[in-house]
Amino acid sequence: MLLRVKKASDVAYREITPQATVEAFHKMQRSRRDVLKGLGAVGAAVALGGLALDAKAESPLKTVPSNYKVSDRAITPEAKAKSYNNFYEFGTDKGDPARNAGKLKTRPWTVKVEGLVKKPQTIDIDTIMAYRPIEERVYRFRCVEAWSMVIPWAGYSLSEFIKAMEPLPSAKFVQFISDEDSKVMELPSGIEFPYQEGLRMDEAMHPLTLLTFGSYGQTLANQQGAPIRVIVPWKYGFKSAKSIVRIKFVERMPSTTWNDMAPDEYGFYSNVNPSVDHPRWSQAHERLLNTNSLLPKIVPTLPFNGYANEIGAMYAGMDLRRYF
């Protein structure tokens, strides 16, 4: 198979954003692209993003040791991880969330648990954080746009929270709904908000799926999805819903934002699969953003983002080209 692998400097912004979104934003982004011309998509975004760490709402977070650690790759520098983000509620360029998300107020914050569950309730974020000891887990993080990081996230297995909510046997999926606040968010046109994502129940219950409250020893930065998000390390990053305000247990596969908008590009499962290309670029390789260099290292993409041994059995017998 011929791999359509591009250098970082060849990857245009329009190529790494869903086409519907590109068409809605190309006018507002034109002047910014002119400024960044010649720097390369990754280098420019990181360079400017590193100067724009305005959205600082973090505080120290006490964690306990964890056995979940990536040993074959270096941890991405904190400044890069917090300045190169996808969080479209605060802008479509990688540096926009760090500049704009400071307006997000993460206290008070509550999460509504609803649907097919014995204990529907609305829970304060600090109560949720106190359910279980918070672990620091070093995970690979792979974006559908073919770049990746290694980040020390902090949280506990989502399964622990789900067990406490006591879902009914009829609950087969879990849906996550993100915050939607036009007073503090950009909420660009072309995307239907609030942002929605979902997991099959066995995926949500897998020990690797992390209910996440922090990174790098601190509570989540606003631009990372504070104060509560999920991390599903074997899936593309957009499956990991940010700034969650509702968790709903449902019987049927729920609506998810990108799958609804562009089902030919963003499947419901969205497992990292190097053999299934995005319609507009190859997924066989990725740009590893784990140093301060402006020129990222290009490495082969690992099936299930390197977590095949842990989670592969969940998809035994499935056609992962059809259920992508």
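Hi everyone, let's start with one pair of residues: Phe176 stands opposite Glu197 in strand E6. Keep in mind that this is a predicted model.

Phe176 belongs to a face of strand E5, so let me stay with that strand for a moment. E5 covers residues 173-178, and six of its six residues are buried. In a regular strand the side chains alternate between the two faces of the sheet. Here, both faces are covered: on one side we have Phe173, Gln175 and Ile177, on the other Val174, Phe176 and Ser178, all buried.

What about the neighbours? E5 is joined to E6, residues 196-200, by five bridges, and the two run antiparallel. E5 also has six bridges to strand E10, residues 244-250, again in an antiparallel arrangement. On that side, Ile177 stands opposite Arg246 in E10.

Now to a pocket. The second largest one has a volume of about 180 Å³. Of the 18 residues lining this pocket, Tyr236, Glu265, Val276, Asp277 and Phe324 are the closest to its centre. And how does the lining of the second largest pocket divide by residue type? There are eight nonpolar residues, six polar and four charged.

Last, a word on confidence. The protein chain has a mean pLDDT of 87, with 82% of its residues at 70 or more. Over residues 1-52, though, the pLDDT is below 50, and this stretch has 80 contacts in the model beyond near neighbours in sequence. Where pLDDT is low, the predicted coordinates should not be read in detail. Thanks for listening, and I'm happy to go back to any part.

Methods
Residues are numbered from 1 along each chain as its sequence is written. Side-chain values use heavy atoms; hydrogens and water are left out. Buried means under 20% relative accessible area, exposed over 50%, partly exposed in between (1.4 Å probe, protein chains only). Helices (H or I, at least four residues) and strands (E, at least two) are DSSP runs, numbered from the N terminus. Two strands pair if DSSP finds at least two bridges between them. On a 1 Å grid over the protein atoms alone, a cavity is a set of points where a 1.4 Å probe fits but cannot get out, and a pocket is an open set with protein on both sides within 12 Å along at least five of seven lines; lining residues have an atom within 4 Å of a point. Grid points are joined across faces, edges and corners, and a volume is the space filled by probe spheres set on the points. Ala, Val, Leu, Ile, Met, Phe, Trp, Tyr, Cys and Pro count as nonpolar, Asp, Glu, Lys and Arg as charged, and the others, Gly among them, as polar. pLDDT is the predictor's confidence in each residue, from 0 to 100. Contact means heavy atoms within 4.5 Å.
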